[in-house]
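User: I have a structure to go through at the bench. Please take my questions one at a time and keep the answers short.

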Amino acid sequence: MSAAVSDVAPQASTAPTGGGVLRRLNIVTAVWAGSALAAIGWFIAHELWQDGDHGSDQVVLVTLICWSVGFMVGIGAFNGPIGWIRGNDLAHEDELFLAGKDQGIGRYFRFTTDHKVVGIQYLIVTMVLFALGGTLAMLIRTNLISPDSQFLSAQTYNAIVGLHGLIMIIATIIMVTGPFGNFIVPIMIGARDMAFPRLNALSLWLIVAAIPVLFSAAFLGGIPTGWVGYAPLADQAPPGMDAYSIFILIFAVSSAVAGANITTTVLTMRARGMSWRRTPIFVFGTVASVGLALPAFPLFMASQILLQVDRTQGGQFYVASGGGSPWLYANLFWLMGHPEVYVILIPAIAALMELTPVFARKPLFSFNTAVIAIAGIVGLSVMVWAHHMYAAGWAPDLNGPFMLTTEMISVPTGLLFLVILGTLWRGRIWTTVPMLATYAMLWNFIIGGITGIYLSDVPADYALHGSMFVTAHFHYTLMGAGLTGAIGALAYWFPKMTGRMLNERAGYISFWLVQIGFNVTFIGMFAVGLAGQPRRVVTYAHLFAAGNLVSTLGAYCIGIGMLVLLYAIVSSWMHGPIAPANPWGAKTLEWTVPNPIPLENFEVLPVVTEDPYGYGVDEAFLTAELVSGSAPRTASTGSATATQAEVAAGSGQQVATLDREAGQL
Amino acid sequence: MSTDLPAPDGPSEPVVQSVAGWRAERVRIFWIWLVLTGLLVVFSLTVPARLMGPPASPTMHSVESTMTLFSVAASPVAALVWAIALYSLLRWRSKGRPTADGPAIRGHAATTVAWAVTSTVLCVFLLVWGMAEMIVINSPAEANAPLVVDVTGQQWVWTFSYPSQGNVESDQLYLPVDRPVIFHVTSKDVIHSFWVVQMGIKIDANPGETTKTSVMPDKIGVFDVRCAELCGLRHAEMQTSAHVVSASDFNSWLSQNGGHS
Amino acid sequence: MTVSAHVPVAGHPAEDVQVVGGRQRTGVLLLIVADAAFVGALVFSYFYLRGLNTSGAWITQGMHTATIWVGWLIGLIAVASAWCYRSGVNALRTGKIGGLIGGAGIALALVLLDSVVQIIQLASLPFKPDANAYASCVYTLAGANLFHLLLTAVIGVGIWNRARLGRYVATNPWQVEIVAIWWNWIAVAAIAGAVTTSFIASPNVGG
């Protein structure tokens, strides 16, 4: 990947010379360095240990770690720390180089710190993961089209089920906070970049380094444990399980780094005047998500380190005969695993709460309720993990208390529905693709939520646990609400991120194909689950044949819809119509910056004087009836924004004044 | 929408609607809600329990009642959300880009409080119901003279043994009807999950631990035992039959297999 | 642990050092939260398996267990190291760069010494990690502590070298102060490890 891209050449004589070694490092050198170190590691480990008791696992472990370290060296992740130790601080032109100034497309393939570049990189990574996980889903459903299909062998099927699960979980975890948390949030809060731009690049490239590790599992016997990787099945699994562990280690580091970075950015870098009450709800959702992931993923990491001690050193953590316990794994896993569900859901729903006011042309209904609900979900989500273990026999006496906390969480979740419904109430509904995502979420998440209530009930869970009913339930939440929200967010912010409008016709077609296919697939799965089909089975009794056939046909419909979405994204990105700076007439700060967005977003830092939901008019003079309990918190838009000096596009934005002196404050 | 839209000029002339107009809308939403609720209640009463099949124990009976009851209780909630969403699409949708903003409603304290209180009450109801149900499903464990069955999972078969009946061993489960049974469940290798589908009981078989579950089969017939936890290559085939037979048939089965009653 | 100062591009005025410093401290505190969750998970694993005593095999009857005082020695050296580093930071606050070089240098030496003690302990434990759950736990806790110490040594080399090169001034002690928080944390974590491994026999002997 050469640095000589079109827009650098004319300025070559005057271009700054910063960057040092990093000028020569990019994804190609990273792959070379990773492969070289992996080869060396493999050779040494193979010579030393291959014949030992745990030889093949040790060799795979060493090789994959060497790959990851080599990749990070090759991309230049260690240049910063080494330079720091040697006492070299970055010069101004080094910063400029790192931020990707004047590097055209090339900046997307190196250790670039600009949050907008990182956001786009995350978007691509997410889409690649969804493409792979989705393809695996098609294979799974094809195998299940009839009980006698024998499309896949049991071994391949189990390996694919685990890979599909893990890829999709990782993809959904990063699908909102990765692309939009990085690209949109800093602009939304009026900052020029993230708090720690180099950590931002680090978090992205760690995931890129880890993706080949994850895929290597497919060639190392797969992940035959389901995505949960339950021990002691994981202790006896093939070396694909080592790839799983290494992947989780790297991902946990990446998410800790990203979480600390995004949280710090929001805590310390909001624009002047952006009090918490004026901070957009999507920012709350993002911080809740990454802040929840921050202490949760290290537990997953610990569970995998223990697993590696078991697998490569003969440890006894999960081996009952040696004093270990499978319940240790289950506890560590679900202590991460249930917060993780909300790590996925909260930002997706927050994105929908952010865009609903724009397309209903109304303020967000009860902003405070939305914030309290998010906080309540975060607080409760760390107290519900053992509802995944009602049937484990782990602690039968705790089933009652966990049933309480689990059912409690429906109260704050219900409030999120109220916020969205209240926002729709008597709005001027503009049914764009992003707004349709809100409606789809209202439909799907109600079904996901109610089926969750059956599973929270201990006796009903005894009957349903481990069946296809559970699979359908969490797809309704993570896909029906989570992924739908992320697609809505993508359609909403696409004009800002790419500078082009998303092809609307293809967007509608994709939306309906995906949503109809989705409901067909998983309603079929609910039916066979209730009738008693277990999860993760390569074949099943003929009793379940009709429901499975329906599910498979629905899944193909989703697949076609997703291909249409992919077409819409790619074609619009390449030659869609140029987007105006604020195509939706939204009021958050990201719509005030011009397209394409300048390197540091804001020429002059904005000063915020009101919240971003100042839609509509004070209707006290229209009808006194419905506003009795709700005196508008801001005065009418006209007077509050008396000094509008907005330059970019659209008036009535959250910025009332652009303070020319702001930078010196 | 085309892309060369003019930037919106902030709120323009709002659509003025009379108080009576809003009242009429709320009445219409109420009717939509009522119809949706009715449809969902009919669905709740007929579909979930039927899909689960005829129960073979009081436990499964209780689970199916729960499914029906929770579905009925959730019906008005789902109907309310969908009624408002549907109505907003039908009547408040603007043709293309809205030219005016909606009313600046920033919240409505009474609605929020009512919403929160209602959902909390529903939650408490679910919890109380669940606790009561747990007492019901645990009652076979407290009954007098239950039959004890040791269940062992291993890749990929179930083994049942009857310790008080001369350690009779079988790869199919035989149970006498109308007698409480306690299962002591363990595993020889990885985690399995012992699931008697039509009796609504499930408990994991963990290596190194013994877990317990109990049931009272109340129907003669052949039922399904499946493994509900992914346990390796042939997890899908790890299933067998549970035969619920009369007390005398059970005794003769025992004696045929070298045991005693 | 790299913290990058945000030098504005395009001629925007530089941010105040107090603002940047406070921001970097927030970031490091959050990373410590994540690390604390990890250490907490290891400690939880130890006590959970000890409490369960599955198959009565937490420890093997009559086995030689780890010597408790070695863990405490490692913890105390870490505390001493953190204390030396802290006094170096205090010296910088009063403008004595030499004090920082000395304090950070001694702290670094102590951390390296501590790493050596930790390696000796790992190499001389009277059991292998595959002996039983207790053995696996001890090796893992010690390994995690060694990782902490080595990471701190790398950071310490950086601080010492940068102090030597005159990169720190009394008016901007933020970076060395933030590292002090990390240094204190690894001392706390080492002590937590020592406390954990002081409880050996399972209270659950009946099962």
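Analyst: Ready; note that this is a predicted model. A starting point is β7(B): 5 of its 5 residues are buried, so the strand is largely enclosed by the rest of the structure.

User: Which strand of chain B pairs with β7(B), and in what sense?

Analyst: Pairing here requires at least two bridges between the strands. β7(B) and its partner have 5 bridges. The partner covers residues 192-196 of chain B, and the sense is antiparallel. The strand is β6(B).

User: Which residue in the turn of that hairpin has a positive phi?

Analyst: β6(B) and β7(B) form a hairpin with 4 residues between them. On the strands themselves, B:Val196 stands opposite B:Ile201 in β7(B). In the turn, a phi of about 70 degrees belongs to B:Gly200.

User: How much area do chain B and chain A bury between them?

Analyst: The contact involves 90 residues of chain B and 110 residues of chain A. Of the buried area, 68% is on carbon and sulfur atoms. The total is about 8,800 Å².

User: How many salt bridges does the rule find across the interface of chain B and chain A?

Analyst: One pair is A:Arg361 with B:Asp101, with the closest N and O atoms 3.3 Å apart. Another is B:Arg106 with A:Asp611, at 2.6 Å between the closest N and O atoms. Both distances fall within the 4 Å cut-off. The count across this interface is 2.

User: Which element gives the most to the side of chain B that touches chain A?

Analyst: Between these chains, 25 residue pairs are in polar contact. Elements of chain B that each supply at least two residues to this side are α1 (19-52), α2 (58-91), α3 (109-142), β7 (201-205) and β9 (221-227). The top contributor supplies 16 residues. Its name is α3(B).

User: How many residues on that side of chain B are nonpolar?

Analyst: The residues of chain B that touch chain A fall into three classes. Charged residues number 14, and polar ones 23. The nonpolar count is 53.

User: Why does the pair of B:Arg106 and A:Asp611 join two chains?

Analyst: B:Arg106 is buried, and A:Asp611 is buried too. B:Arg106 forms a salt bridge with A:Asp611. B:Arg106 lies in the loop between α2 and α3 of chain B, while A:Asp611 lies in the loop between β1 (607-608) and α20 (637-640) of chain A, so the chains joined are B and A.

User: How far apart in sequence are the parts tied together by A:Arg311 and A:Asp57?

Analyst: These two side chains meet in a salt bridge, 2.8 Å from N to O. A:Arg311 is in helix α10 (residues 281-313) of chain A and A:Asp57 in helix α2 (residues 55-75) of chain A, so the pair ties together parts 254 residues apart in sequence.

User: Which residue is linked with A:Asp57 and A:Arg311 in a network of salt bridges?

Analyst: Both A:Arg311 and A:Asp57 are buried. Over all chains, the structure holds 10 salt bridges. The network links this pair with A:Asp242.

User: Is C:Glu15 buried or partly exposed?

Analyst: C:Glu15 forms a salt bridge with C:Arg23, the closest N and O atoms being 3.0 Å apart. C:Arg23 is buried, with a relative accessible area of 3%. Buried means under 20%. C:Glu15 has a relative accessible area of 32%, so C:Glu15 is partly exposed.

User: How many helices does chain C have?

Analyst: Chain C has 207 residues, and 53% of them are buried. Its C-alpha trace spans about 70 × 30 × 20 Å along the principal axes. From the N terminus, its elements run α-α-α-α-α. With 0 strands, the helix count is 5.

Definitions and conventions: Residues are numbered from 1 along each chain as its sequence is written. Chains are lettered from A and ligands numbered from 1 in the order in which they are written. This is a predicted model: local features need pLDDT of at least 70, side-chain atom pairs count only at pLDDT 80 or more; totals for chains, interfaces and linings use all residues. Side-chain values use heavy atoms; hydrogens and water are left out. Contact means heavy atoms within 4.5 Å. Buried area is the accessible area (1.4 Å probe) that two parts lose on being put together, summed over both. A polar contact is a pair of N or O atoms within 3.5 Å; within protein, one must be able to donate a hydrogen and the other to accept it, and residues adjacent in sequence count only if both atoms are side-chain atoms. Ala, Val, Leu, Ile, Met, Phe, Trp, Tyr, Cys and Pro count as nonpolar, Asp, Glu, Lys and Arg as charged, and the others, Gly among them, as polar. Buried means under 20% relative accessible area, exposed over 50%, partly exposed in between (1.4 Å probe, protein chains only).
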